[in-house]
Amino acid sequence: MTDLKTVAEILRAQDNIEILTHHYPDGDTLGSAYALCLALQSMGKNARVVTSGIVAHKYDYLKSSMQMQIFEAEFVVSVDVAAATLLGDNQREYEDKIDLCIDHHGTNSLEARHIYVEADAAAAAEIIYALIIEMGVVITPEIANCIYTGISTDTGCFRYTNTTPRTHRIAAELMSLRADWQKVNAKMFEIKSREQLRLERMVYRTLDYFCDGKVALIYTTMDMLKDAGIRDDEVEGLASIPKSIEGVLLGITMREKEDGSFKISVRSNEGANAAEFCGLFGGGGHPAAAGCTVFGDLDTVRERLISAAKGIL
């Protein structure tokens, strides 16, 4: 484990840098990656972001001022990637080539030459904010938008229990640096397509309770996505539904993938540990929010999850 000053020194010494996100990228991994990339490019370095899986169009603004650079990578950085399996499509090519891992998951198991994990950071973007300052880079409105996106999305617009006084202080500073916070929050939390609303209606019909109402579970299938006329990259925000129900300690969301797996997102309230639950299936995350991948058909995976939830509670 290294310190932030050393991380800054390591990056200053590099010139051709690739930045990896996790599979099915969310606002934190993307915001962190593009903020770091913009900062490195402003320092005169070659840098690019390598994503895995389809990236939702609503995140296009994060790379609006990015320079498209062609170069041979000599240094690889991962951001917000807690395990090699989360590299998704990029795992085989990159899992043994990562030079620097920057993350905020206490369960991080990624192997890299240099590792910086700050488990009490609400989002990886909080670390990137501090790192950019440590590198002496001026935070432009574009960089501020990227960092704000990461922090806002990983804290549920500052509603989740991982939100800290530091989180609010950084967000306030980003606002003063002209982050377009109103537009970001609208894109991330308010605006929905008709197709998304159609899918949500279907999802509510899958809702079921277990463990005397302490566990709530919902799911989506590929057929549901087809019926709703929606792409897989547009399915976000569903994980907050079961957790928001009164009396629920563990909210489980299952999302069927084309490869025959289910992406499991778990959100917990006080009295349950989402990371502990997902750890049973080789995943990880935070006590209040974690994830994993489980292969199998709907009924089999569902029963495995329910059985594990009963054991946890």
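Two strands are taken to pair if DSSP finds at least two bridges between them. In this predicted model, that criterion applies to strand 8, residues 250-256, and strand 9, which are joined by seven bridges and run antiparallel. Within this pairing, Glu-256 lies opposite Phe-262 of strand 9. The connection between strand 8 and strand 9 is a hairpin with four residues between the strands. Gly-260, located in the turn, has a positive phi of about 90°.

Strand 9 spans residues 261-268. A further set of seven bridges links strand 9 to strand 11, residues 289-295, and these two strands also run antiparallel. Here Arg-267 has Ala-289 of strand 11 as its bridge partner. Strand 9 is thus bridged to strand 8 and to strand 11. Strand 9 is also mostly covered, with six of its eight residues buried. In a regular strand, side chains alternate between the two faces of the sheet.

Internal space was examined separately. One cavity of 30 Å³ or more is present in the structure. The largest cavity holds about 30 Å³ of space. Its lining is formed by Leu-30, Tyr-34, Val-55, Ala-56, Tyr-59, Asp-60 and Lys-63. Classified by residue type, the lining of the largest cavity comprises five nonpolar and two charged residues, with no polar residues. The charged members are Asp-60 and Lys-63, while the nonpolar members include Leu-30 and Val-55.

Terms used: Residues numbered from 1 in each chain as written. Predicted model: local features only at pLDDT ≥ 70, side-chain atom pairs only at ≥ 80, totals over all residues. Heavy atoms only, no water. Buried < 20%, exposed > 50% of the residue type's maximum accessible area, 1.4 Å probe, protein only. 1 Å grid on protein atoms, 1.4 Å probe; cavity = no way out; pocket = protein on both sides within 12 Å on 5 of 7 lines; lining within 4 Å. Points joined across faces, edges and corners; volume = space filled by probe spheres on them.
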